[in-house]
Amino acid sequence: TFKAHLDADAMNVRVAGLALHDGDIPLRLLGLGSKRMLTTGMQKQAQLAPHITLFDEEEVGIEPHRIARLLKHLKDDTSGQYFLTTHSPVVLRELTIADLHIVHWDADRVEVIQANKPGISDLMQGKIRSGAEAFLAPNVIVCEGATEVGFLRGLDNHWSDNCGSEAFAYHGVALFDAAGAGNIRATASGLKELGYNVAVLADSDEDIHFSDAHAEELHANGIFVVKWNDGLSIEERAFHDLTWDGVVSSFDAARAIIGNDAALIDQVQARFGAGFEPNFSEWVDTPELRAALGRTAKEKDWFKRQDFGQIWAKAVAASLENEDISASDLVQKLNGLRHWVDHV
């Protein structure tokens with residue numbers, strides 16, 4: 001429906017303006033995305049002969065549903081070849097792994113790696129679909145699950161807001177949810193093979209899925225691995241190592257998330273056994289209570305959502321700086337991961 005009309009606002013006594021219009025609206029007044037779609041269509045009509053076309057960040061100004069349609073048109077063009085650059089997860093999800101190459105820059109060296117590598121292509125296609133955002137960062141922390149992703153997001157906010165540390169994003173670090181211990185090794189190895197700097201944050205309570213031997217294998221491949229000691233999940237590790245104030249803050253975070261104190265007390269009592277004190281305001285610090293709280297948090301999924309993990313981290317972040325627990329497994333390994341972020 002585009003047609004040529006005089007653009008009255010572009011006229012003066014010396015210059016007349018003849019411009020493309022969409023109805024009564026001059027093309028110059030359309031949004032950036034509409035302009036890009038129009039010019040792409042015009043170029044496609046003109047490029048019937050063989051051609052090579054460069055397309056820089058095709059997502060700029062274009063809504064996701066229009067990006068999908070644009071990419072279909074480009075892929076259907078058999079007369080030429082297109083080189084596209086993108087920083088959009090929408091674009092990554094719309095393309096197949098056979099279409100993708102990853103460009104890494106380090107000092108004066110540029111490396112272009114084909115994503116469709118034999119042996120990992122099927123795995124990586126699924127990972128791009130589920131976590132495309134991580135593939136747009138040079139450095140990736142592969143987290144066992146949503147709790148770890150949320151917990152690290154909360155710590156990232158605390159470290160940057162209160163401790164003078166730069167945010168993960170400043171260091172080009174993204175978080176990837178592996179969705180289970182059994183997916184960690186293949187995900188981390190695949191990302192490493194595609195040229196990313198990779199770290200892992202994993203529990204140690206599912207040895208059959210991610211064992212010490214698996215962790216050593218990744219470490220030998222240049223991947224930084226954080227895996228809790230003593231066969232514990234992140235919930236159990238935290239309830240074991242935190243100060244008592246941190247334990248109470250963790251339980252208060254669960255109360256805020258679940259919104260049912262009676263249900264929480266029943267859950268903890270079922271794992272504590274005889275002698276349990278149901279009035280949480282009367283609790284005193286004991287190894288048995290800490291263990292019951294940690295097991296309950298893990299088994300009843302108190303923090304097993306990214307937003308829940310973030311709330312939990314916000315509640316306990318300050319207590320992680322207490323000198324009394326500076327030598328604990330929890331603090332030592334979180335500090336090690338922070339060091340990796342700062343120096344990757």
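Buried means under 20% relative accessible area, exposed means over 50%, and partly exposed is whatever falls in between. Keep those cut-offs in mind for the views below, which come from a predicted model.

**View 1. Ala107, an alanine with a positive phi.**
Ala107 sits at 47% relative accessibility, so it goes down as partly exposed. You'll find Ala107 in the loop that runs between β6 (101-106) and β7 (109-114). Its phi is positive, about 55 degrees, even though Ala107 is not a glycine.

**View 2. Ala179, another alanine with a positive phi.**
Here the loop is the one between β9 (173-177) and α6 (184-193), and Ala179 lies in it. Ala179 isn't a glycine either, yet its phi is positive at about 60 degrees. Is Ala179 buried or exposed? With 58% relative accessibility, Ala179 counts as exposed, because the cut-off for that class is over 50%.

**View 3. The largest pocket.**
This one has a volume of about 1,200 Å³. Its lining takes in 38 residues, and Leu84, Leu100, His101, Ile102 and Val103 are the closest to the centre. Which elements give two or more residues to that lining? They are α2 (64-76), β5 (80-85), α3 (89-94), β6 and β7. Sorted by class, the lining of the largest pocket comes to 22 nonpolar, 10 polar and 6 charged residues. Strands β6 and β7 may ring a bell from View 1, where Ala107 lies in the loop between them.

**View 4. The second largest pocket.**
About 220 Å³ of space lies in this pocket. It has 14 lining residues, and Ala215, Glu216, Val225, Lys227 and Lys333 lie nearest the centre. At least two lining residues come from each of α7 (212-220), β11 (224-227) and α13. By class, the lining of the second largest pocket splits into 6 nonpolar, 4 polar and 4 charged.

**View 5. The largest nonpolar core.**
How many residues does the largest nonpolar core have? It has 46, and the ones with the most contacts inside it are Ile141, Phe151, Leu152, Leu155, Leu293, Trp302 and Phe303. Helix α13 (residues 329-343) provides the largest share of this core, with 6 residues. Apart from that core lies another one, of 40 residues, including Leu71, Ile128, Val142 and Leu191.

**View 6. Leu337 on helix α13.**
Leu337 lies in helix α13, the helix that also supplies at least two residues to the lining of the second largest pocket. Leu337 has a relative accessibility of 3%, so it counts as buried. Setting aside neighbours within four places in sequence, Leu337 makes contact with Ile141, Leu152, Ala199, Phe224 and Val226. Two of those names, Ile141 and Leu152, also turn up among the residues with the most contacts inside the largest core. Leu337 and Leu201 are 136 residues apart in sequence, but their C-alpha atoms are 8.4 Å apart in space.

**View 7. Helix α11 and what packs against it.**
Helix α11 (residues 287-299) has 13 residues, so at 1.5 Å a residue it should span 18 Å. Its end C-alpha atoms are indeed 18 Å apart, which agrees. Which residues of α11 are buried? The buried ones are Leu289, Arg290, Ala292, Leu293, Gly294, Thr296 and Ala297. They pack against α8 (234-241), α9 (244-258) and α10 (261-272). Just after α11, Asp301 takes a positive phi of about 60 degrees.

**View 8. Two residues of α11, Leu293 and Ala291.**
Leu293 is found in helix α11, and so is Ala291. Leu293 has a relative accessible area of 0%, so it is buried. Ala291 comes in at 43% relative accessibility, so it counts as partly exposed. Not counting residues up to four places away in sequence, Leu293 touches Phe239, Val247, Phe251, Val268, Trp283 and Trp302. Trp302 is also one of the residues with the most contacts inside the largest core, as is Leu293 itself. For a sense of scale, the C-alpha atoms of Leu293 and Asn116 are separated by 45 Å, and the two residues are 177 residues apart along the chain. For Ala291 and Glu133, 158 residues apart along the chain, the C-alpha separation is 36 Å.

Note on methods:
Residues are numbered from 1 along each chain as its sequence is written. This is a predicted model: local features need pLDDT of at least 70, side-chain atom pairs count only at pLDDT 80 or more; totals for chains, interfaces and linings use all residues. Side-chain values use heavy atoms; hydrogens and water are left out. Helices (H or I, at least four residues) and strands (E, at least two) are DSSP runs, numbered from the N terminus. Buried means under 20% relative accessible area, exposed over 50%, partly exposed in between (1.4 Å probe, protein chains only). A nonpolar core is a set of buried Ala, Val, Leu, Ile, Met, Phe, Trp, Tyr and Cys residues joined through side-chain atoms within 4.5 Å. Contact means heavy atoms within 4.5 Å. On a 1 Å grid over the protein atoms alone, a cavity is a set of points where a 1.4 Å probe fits but cannot get out, and a pocket is an open set with protein on both sides within 12 Å along at least five of seven lines; lining residues have an atom within 4 Å of a point. Grid points are joined across faces, edges and corners, and a volume is the space filled by probe spheres set on the points. Ala, Val, Leu, Ile, Met, Phe, Trp, Tyr, Cys and Pro count as nonpolar, Asp, Glu, Lys and Arg as charged, and the others, Gly among them, as polar. The expected span of a helix is 1.5 Å times one less than its number of residues.
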